[in-house]
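Visitor: I would like to go through the labels on this model one by one. Please give me the reasoning behind each.

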Amino acid sequence: MSAVAYDAIKPGLSADELLAVLAPLGGVRDAADAWGLTVRVPRERLRDAVLALRDGATTRFDQLLDVAGIDYLSYPDWRGERFAVSYPMKSTVFRHRVTLKVLIDEDDANVPSLHDLYASANWAERECWDQVGIVFTGHPNLKRLLNHHEFVGHPLRKDYPCQKRQKLSVNDPMVDQLEAKLVSLGYTIVEKATASAGSPLTVKEAAK
Amino acid sequence: MTYQPVPAAAAAPEVNLGDAFVTTTVDAVVNWGRRNSLWPFPFGTACCAIEFMGMVSSVFDVSRFGAELVRFSPRQADLLIIAGTVTYKQAPVLRRIYDQMLEPKWVISAGACATSGGFYDCYCTVPGIDEIIPVDIYIAGCPPRPEAFLEAIVQLQKKIDHENRRERVTIGGAA
């Protein structure tokens with residue numbers, strides 16, 4: 001983006017002013033934020049907080065940059081909940097950013113989905129579910145995004161054995177959404193993509 | 001009629017033919033043809049594939065060893081060069097490409113990732129493609145220089161030279 005376009009973005013709210021917006025919705029500043037404002041919000045108020053930030057006349061956070069899952073299992077001196085979901089947000093109208101963080105327990109690892117508020121949340125939440133195993137309630141298509149469909153477990157959890165090798169026995173056609181999209185555009189699927197069984201693997205493996 | 005001895009030339013006619021004949025074995029001729037006309041299929045997934053391009057291009061010029069005709073259909077290739085990282089999601093694709101190649105076929109595993117997984121000691125990377133397909137020659141390096149690729153081609157040629165047509169077995173049971 002050129003400097004001229006950047007200057008067209010209006011000055012945004014300060015950290016204190018943003019906190020004042022989020023405080024009625026249970027927002028508390030995260031003491032660990034080093035590079036910008038991070039606000040912890042309770043799970044029940046997440047959607048309200050996001051809506052307030054998105055639609056507020058002085059906030060206008062119109063971009064959800066990412067949905068990041070955090071596992072605090074091996075975090076030094078951590079006493080809180082095991083998981084967190086972090087939502088970095090940005091405005092293209094005002095020059096300000098904020099990160100919302102929701103802390104959740106291990107045995108109740110779910111947060112409400114934001115797919116209807118931000119289109120970018122759809123795949124970001126699928127990735128977060130795939131890698132960290134956090135359930136996004138209300139998500140229309142919560143299936144794996146990066147790992148293959150036979151994968152078991154969530155590899156970015158700190159207790160996942162990273163040297164556990166999980167072989168994929170058949171091809172992953174990976175075009176189910178494409179087919180639905182083409183049908184919605186009026187095309188007819190003549191032959192559906194199927195997972196094809198590969199031949200047995202090497203002699204080395206068969207001998208095991 | 002008096003006895004006349006058979007001329008020596010009739011007993012051993014080759015003597016009169018000089019160097020018009022060469023005697024050899026089928027294996028030697030077949031291997032000579034195979035080793036000097038390897039058609040590579042590059043399965044390039046990472047930076048090693050850039051070094052492969054260097055090897056094929058004019059400065060290093062693999063055509064000096066007869067392997068410059070890069071094919072992008074496995075059905076037309078007899079040398080599979082895996083240059084780069086292979087993930088578990090990609091492994092069935094690699095396996096299928098190998099199965100689609102016709103016999104005789106050889107495999108070069110280029111670089112640290114294809115050979116052992118490299119520094120990707122993680123949940124998604126295959127720790128060496130020999131988990132998936134048989135490999136003839138491994139190249140060390142991250143990425144290996146084009147000279148190393150050429151060295152691998154030469155080593156493979158030596159290996160092909162010693163192959164016995166009757167003893168050649170198909171590893172992996174291609175259908």
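**Labels and their grounds**

Guide: This is a predicted model. Start with Asp116(A), which counts as partly exposed at 45% relative accessibility. Partly exposed is the class between under 20% and over 50%, so 45% for Asp116(A) falls inside it.

Visitor: What makes Arg47(A) count as partly exposed?

Guide: Its relative accessibility is 26%. Buried would need a value under 20% and exposed one over 50%, so Arg47(A) at 26% is partly exposed.

Visitor: Why are Asp116(A) and Arg47(A) called a salt bridge?

Guide: Their closest N and O atoms are 2.8 Å apart. The cut-off is within 4 Å, so the pair qualifies. Asp116(A) lies in the loop between strand S9 (110–112) and helix H4 (121–132) of chain A, and Arg47(A) in helix H3 (residues 46–55), so the bridge ties together parts 69 residues apart in sequence.

Visitor: How do you know that Arg35(B) and Asp161(B) form a salt bridge?

Guide: The N to O distance is 2.9 Å. That is within 4 Å, so the label holds. Arg35(B) belongs to helix H3 (residues 26–35) of chain B and Asp161(B) to helix H7 of chain B, so the pair connects parts 126 residues apart in sequence.

Visitor: Which of the words buried and partly exposed fits Arg35(B), and which fits Asp161(B)?

Guide: Arg35(B) has a relative accessible area of 19%. The limit for buried is under 20%, so Arg35(B) is buried. Asp161(B) counts as partly exposed at 36%.

Visitor: How many salt bridges are there over all chains?

Guide: The structure holds 17. One of them joins Lys101(A) and Asp30(A), with closest N and O atoms 3.1 Å apart. The two residues are 71 residues apart: Lys101(A) in strand S8 (residues 97–104), Asp30(A) in the loop between strand S2 (28–29) and strand S3 (38–40) of chain A.

Visitor: Why does Lys101(A) count as buried?

Guide: Its relative accessibility is 11%. That is under 20%, so the word applies. Asp30(A), at 2%, counts as buried too.

Visitor: How many aromatic pairs does a search of the whole structure find?

Guide: It finds 8 over all chains. Among them is Phe151(A) with Tyr123(B), 6.2 Å centre to centre and 75° between the planes.

Visitor: What makes Phe151(A) and Tyr123(B) edge-to-face?

Guide: Centres must lie within 6.5 Å, and planes must be over 60 degrees apart. With 6.2 Å and 75°, the pair meets both conditions, so it is edge-to-face. Phe151(A) lies in a loop of chain A and Tyr123(B) in a loop of chain B, so the pair joins two chains. Phe151(A) is buried at 6% relative accessible area, and Tyr123(B) is buried at 14%.

Visitor: Why is the pair of Phe52(B) and Phe149(B) called edge-to-face?

Guide: The ring centres are 6.3 Å apart and the planes stand at 65°. The angle is over 60 degrees, so the name fits. Phe52(B) lies in helix H4 (residues 48–56) and Phe149(B) in helix H7 (residues 146–161), so parts of chain B 97 residues apart in sequence are tied together.

Visitor: How do you know that the charged end of Lys105(B) sits over the ring of Tyr98(B)?

Guide: It is 4.1 Å from the ring centre. The distance limit is within 6 Å, and the angle to the ring normal must be within 35 degrees. The charged end of Arg126(A) likewise sits over the ring of Trp123(A), 5.7 Å from its centre.

Technical notes
Residues numbered from 1 in each chain as written. Chains lettered and ligands numbered in written order. Predicted model: local features only at pLDDT ≥ 70, side-chain atom pairs only at ≥ 80, totals over all residues. Heavy atoms only, no water. Phe/Tyr/Trp six-rings, centres within 6.5 Å; stacked < 30°, edge-to-face > 60°. Helix = DSSP H or I, 4+ residues; strand = E, 2+ residues; numbered from the N terminus. Buried < 20%, exposed > 50% of the residue type's maximum accessible area, 1.4 Å probe, protein only. Salt bridge = Lys/Arg side-chain N within 4 Å of Asp/Glu carboxyl O.
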